Amino acid sequence: MPEETLSVVDNRTGRRYEIPIRDGAIPATELQKITTDGAGTGMMSYDPAFLNTASCRSAITYIDGERGILRYRGYPIEELADKSSFLEVAYLLIHGELPDPEQAREWVEAITHHTLLHENIKKLIDGFHHDAHPMGILVGTVGALSTFYPDAKDISKAESRRLQILRLIAKMPTLAAFAYRHAIGMPFAYPDSDLSYSGNFLNMMWKATELKYEPNPVLERALDVLLILHADHEQNCSTNVMRAVGSSHADPFSATAAASAALYGPLHGGANEQVLRMLKEIGSISRIPEYVKRVRAGELRLMGFGHRVYKNHDPRARIIKKVADDVLAVTGRSPLLDIALEMERVALADDYFIKHRLYPNVDFYSGIIYAAIGFPVDMFPVLFAIGRTPGWLAQWQEGLLDPEQKIARPRQVYTGPAERHLPGVRQPAAAR
Ligand code: ACO
């Protein structure tokens with residue numbers, strides 16, 4: 001079979017170049033051979049926001065946005081959401097295979113063992129203002145954890161990486177719940193090792209004076225499924241940050257703080273929070289047409305709609321709709337869900353949304369479920385961060401172990417002024 005190549009003719013020089021194709025991609029560094037004078041660093045590719053640039057080779061998550069496919073390590077998201085627990089999925093993302101029963105037992109036990117926080121973290125949380133956004137507290141405290149675990153700097157040792165992975169997956173819910181309890185002035189509720197990962201999180205959020213908190217099994221499972229749906233999404237904004245920070249060999253707590261900060265933005269993990277605010281602002285089904293008119297006029301965006309990758313449908317949104325039904329059967333119907341369902345119906349039939357290929361994304365319904373379970377809106381991106389942590393860590397480790405990776409350092413096309421001089425500075429003779 002002939003080698004797969006791309007032939008490029010530089011019309012400035014008439015020279016022809018053969019660029020190798022590997023897995024449907026060309027190495028951007030090959031473009032450097034294309035020069036007009038044989039000097040300099042040659043041609044670059046220009047791709048703001050990485051619209052068409054693969055930054056790594058990855059065996060973790062597969063997405064086909066045109067066909068609405070999402071798979072973790074080859075398994076369809078629908079099957080994982082139906083049959084697995086969040087911690088099994090976390091194991092799968094990190095190790096590449098689902099655990100056997102013994103591995104699952106050890107994994108759950110190890111994570112449960114690491115859920116406690118150093119008591120000084122509580123003092124740090126106490127220092128935040130009472131109305132501090134829990135995502136801000138999460139970003140600050142997860143970064144601070146690196147100072148408690150200096151061994152986390154040993155990123156080249158497999159054993160150390162494993163320990164930090166366990167710590168991070170275990171401690172994110174505790175940090176999140178403590179941030180919430182701080183905001184409402186409740187004493188912190190400590191982890192309960194008898195409960196599942198999601199059940200324990202509900203316990204740390206809402207345990208009051210009862211001796212033992214018993215989570216509602218439907219809500220516990222719904223939360224677990226939501227965490228599964230958020231667990232990884234290949235090279236999204238926050239994962240790209242995780243890999244970039246990890247590429248400088250910073251410890252994983254610092255890298256997770258940076259990734260969480262990226263997730264905080266309203267165009268990424270902050271979108272579910274915005275969806276709920278938007279649905280509340282719309283307020284009633286009768287006001288939907290007026291709202292859609294403003295979206296069409298470019299005045300605002302319909303939050304929870306559109307995706308960089310999914311241009312057909314977001315498979316997670318379908319699963320979430322079903323989870324919403326289960327949860328609302330327990331908690332009672334939400335008027336916001338009625339507005340959301342009608343908004344989806346109107347938008348999917350509207351030529352603006354059809355033309356722009358805008359479909360509900362994972363965040364459109366997740367906020368309604370979180371609100372029905374009882375989470376305040378501020379906690380939505382925090383829940384996303386808890387779910388995404390195993391994905392970040394799997395991607396971080398994969399990046400570190402990839403011999404083709406180096407410190408992330410993009411190029412730029414300089415558009416500023418040419419050399420110039422401050423008044424009164426003598427120019428070198430050659431420049432005069
Ligand atoms: N409402 C209205 N118009 C939209 C929307 C929207 N939600 N999303 C995109 N568009 C329009 C844009 O105005 C643009 O129109 P134009 O070409 O006529 O100027 C076109 O669609 C393309 O938009 P881009 O911003 O270039 O698309 P991009 O792929 O960069 O953005 C994004 C994807 C950020 C998700 C975008 O669709 C958006 O802002 N959605 C709302 C926020 C949201 O729900 N984010 C959650 C994403 S999922 C996640 O992070 C888990």
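Ile63 stands opposite Leu70 in β4. That pair belongs to a predicted model, and β4 is part of an open sheet of three strands. The model also holds a ligand, with 20 residues around it. This briefing takes the sheet, then the ligand.

**The sheet**

- The strand order is β3-β4-β5, and the pairing is antiparallel.
- Strands of a sheet pair through backbone hydrogen bonds, either parallel or antiparallel.
- Four bridges join β3 to β4, which spans residues 69-72.
- The edges are β3 (61-64) and β5 (75-76).
- Each edge strand has a single partner, so one side of each is left without a neighbour in the sheet.

**Residues around the ligand**

- Among the 20 surrounding residues, the closest are Arg301, Leu302, Gly304, Arg308 and His356.
- By class, the shell has 10 nonpolar residues, six polar ones and four charged ones.

**Polar contacts and cover**

- Arg308, one of the closest residues, places a polar side-chain atom 2.7 Å from an oxygen atom of the ligand.
- His268 also faces a ligand oxygen atom: an N or O atom of the His268 side chain is 3.2 Å from an oxygen atom of the ligand.
- Tyr352 has a polar side-chain atom 2.9 Å from a nitrogen atom of the ligand.
- On its own, the ligand has 930 Å² of accessible area, and the protein covers 71% of that area.

Technical notes:
Residues are numbered from 1 along each chain as its sequence is written. This is a predicted model: local features need pLDDT of at least 70, side-chain atom pairs count only at pLDDT 80 or more; totals for chains, interfaces and linings use all residues. Side-chain values use heavy atoms; hydrogens and water are left out. A residue is near a molecule or strand if one of its heavy atoms lies within 4 Å of it. A polar contact is a pair of N or O atoms within 3.5 Å; within protein, one must be able to donate a hydrogen and the other to accept it, and residues adjacent in sequence count only if both atoms are side-chain atoms. Accessible areas come from the Shrake-Rupley method with a 1.4 Å probe; for residues, only the protein chains shown count as cover. Ala, Val, Leu, Ile, Met, Phe, Trp, Tyr, Cys and Pro count as nonpolar, Asp, Glu, Lys and Arg as charged, and the others, Gly among them, as polar. Two strands pair if DSSP finds at least two bridges between them. Helices (H or I, at least four residues) and strands (E, at least two) are DSSP runs, numbered from the N terminus.
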